[in-house]
Amino acid sequence: MSLQAVRVSKLLSASRDEVFDAWLDPDGMREWMLPGTVKHCDVMLEPRVGGRFHIFMKSAGADYMHTGEYLVLERPSKLAFTWVSSRMDQQETLVTIELFERGDQQCELVLTHERVPADHSAKGLGVGWQRMLEHLEKRLAGKRERR
């Protein structure tokens, strides 16, 4: 079976610590892990190496379950986890989040999603991750304004 990788990046007006923490905050993820037409998600996390997560996304047309295991938690620069999705016939893929400092209170997030089945739309997957990162950016900006 042929596999592919998807890579997206986003410059965020937040520190690496803030962005790292956002990936381990289930309450926050409910607000930003909303790709495409997804309007609601439930999130359960065990944020430790070997810990598991469950993300249930609900959209008008379908429901999706995503599960996985944390493989790397290197604060504040890197997270990696397996990603098993009902959208990809439960095939285990790998997501790596790398965080790079880019000036005062800016962070570049580079997300690489590997081992994606060739019959799955890499473009669609990239658009979904990009949409989530846009929501993450709004959440981080909102937290700054509330300070």
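Colleague: I am starting with one side chain in this predicted model. Does Trp129 count as buried or exposed?

Modeller: Read the relative accessibility against the cut-off: under 20% is buried. Trp129 has 2% relative accessibility, so Trp129 counts as buried.

Colleague: And Trp23, buried or exposed?

Modeller: Trp23 is buried too, at 2% relative accessibility.

Colleague: How many aromatic pairs does a search of the whole structure find?

Modeller: The search returns nine aromatic pairs. One of them joins Trp23 and Trp129. Their centres are 6.4 Å apart, and the planes meet at 40°. Planes from 30 to 60 degrees apart are called tilted, and this pair is tilted.

Colleague: What does the Trp23 and Trp129 pair tie together?

Modeller: Look at where each residue sits. Trp23 is in the loop between helix 1 (16-22) and helix 2 (26-32), while Trp129 is in helix 3 (residues 122-146). The pair therefore ties together parts that are 106 residues apart in sequence.

Now take another pair. Phe81 and Trp83 are also tilted, with 6.3 Å centre to centre and 50° between the planes. Phe81 is buried at 3% relative accessibility. Trp83 is buried as well, with a relative accessible area of 4%.

Colleague: Which residues form one aromatic cluster?

Modeller: Trp23, Trp32, Phe53, Tyr70, Phe81, Trp83 and Trp129 do.

Colleague: A ring can also have a charge over its face. Which residue lies over the face of Tyr64?

Modeller: Arg87 does, at 5.0 Å from the ring centre. The cut-off for that distance is 6 Å.

Colleague: Next, the strands. In what sense do strand 3 and strand 4 pair?

Modeller: Strand 3 (residues 52-59) and strand 4 (residues 63-74) are antiparallel, over seven bridges. They make a hairpin, with three residues between them. To find the register, pick a facing pair: Phe53 stands opposite Gly68 in strand 4.

Colleague: How many bridges join strand 4 and strand 5?

Modeller: Six bridges, again in the antiparallel sense, with strand 5 at residues 78-85. Here Val72 faces Ala80 in strand 5. Strand 4 and strand 5 also form a hairpin, with three residues between them.

Colleague: Where does Pro76 lie?

Modeller: Pro76 is in the loop between strand 4 and strand 5. Check the peptide bond there. The bond joining Arg75 and Pro76 is cis, with omega about -5°.

Colleague: What about enclosed space? How many cavities of 30 Å³ or more does the count give?

Modeller: The count comes to one cavity. The volume of the largest cavity is about 60 Å³. To read a cavity, list its lining: Trp23, Met29, Met33, Leu45, Phe53, Ile55, Tyr70, Leu79, Phe81 and Trp83.

Colleague: Which strand gives the most to that lining?

Modeller: Strand 5, with three residues. Strand 3 and strand 5 each supply at least two.

Colleague: A pocket is open, unlike a cavity. What volume has the largest pocket?

Modeller: About 330 Å³. It is lined by 19 residues, and the closest to its centre are Pro35, Arg87, Gly124, Leu125 and Gly128. Strand 3, strand 4, strand 5 and helix 3 each give two or more residues to that lining. Helix 3 has the largest share, five residues.

Colleague: Now the backbone. Which phi value does Gln90 have?

Modeller: Phi of Gln90 is near 65°, which is positive in a residue other than glycine. Gln90 sits in the loop between strand 5 and strand 6 (92-101). With a relative accessible area of 47%, Gln90 is partly exposed.

Colleague: And where does Arg115 lie?

Modeller: Arg115 is in strand 7 (residues 107-117). Its phi is also positive, near 65°. Arg115 is partly exposed, with a relative accessible area of 34%.

Colleague: Last, the cysteines. How many disulfides does a search of the whole structure find?

Modeller: A disulfide is a covalent bond between the sulfur atoms of two cysteines. The search here finds zero. As for burial, Cys41 counts as buried at 1% relative accessibility. Cys107 is buried as well, at 0%.

Note on methods: Residues numbered from 1 in each chain as written. Predicted model: local features only at pLDDT ≥ 70, side-chain atom pairs only at ≥ 80, totals over all residues. Heavy atoms only, no water. Disulfide = S-S within 2.5 Å. Buried < 20%, exposed > 50% of the residue type's maximum accessible area, 1.4 Å probe, protein only. Phe/Tyr/Trp six-rings, centres within 6.5 Å; stacked < 30°, edge-to-face > 60°. Helix = DSSP H or I, 4+ residues; strand = E, 2+ residues; numbered from the N terminus. Lys NZ or Arg CZ within 6 Å of the ring centre and 35° of its normal. Pairing = 2+ DSSP bridges. 1 Å grid on protein atoms, 1.4 Å probe; cavity = no way out; pocket = protein on both sides within 12 Å on 5 of 7 lines; lining within 4 Å. Points joined across faces, edges and corners; volume = space filled by probe spheres on them.
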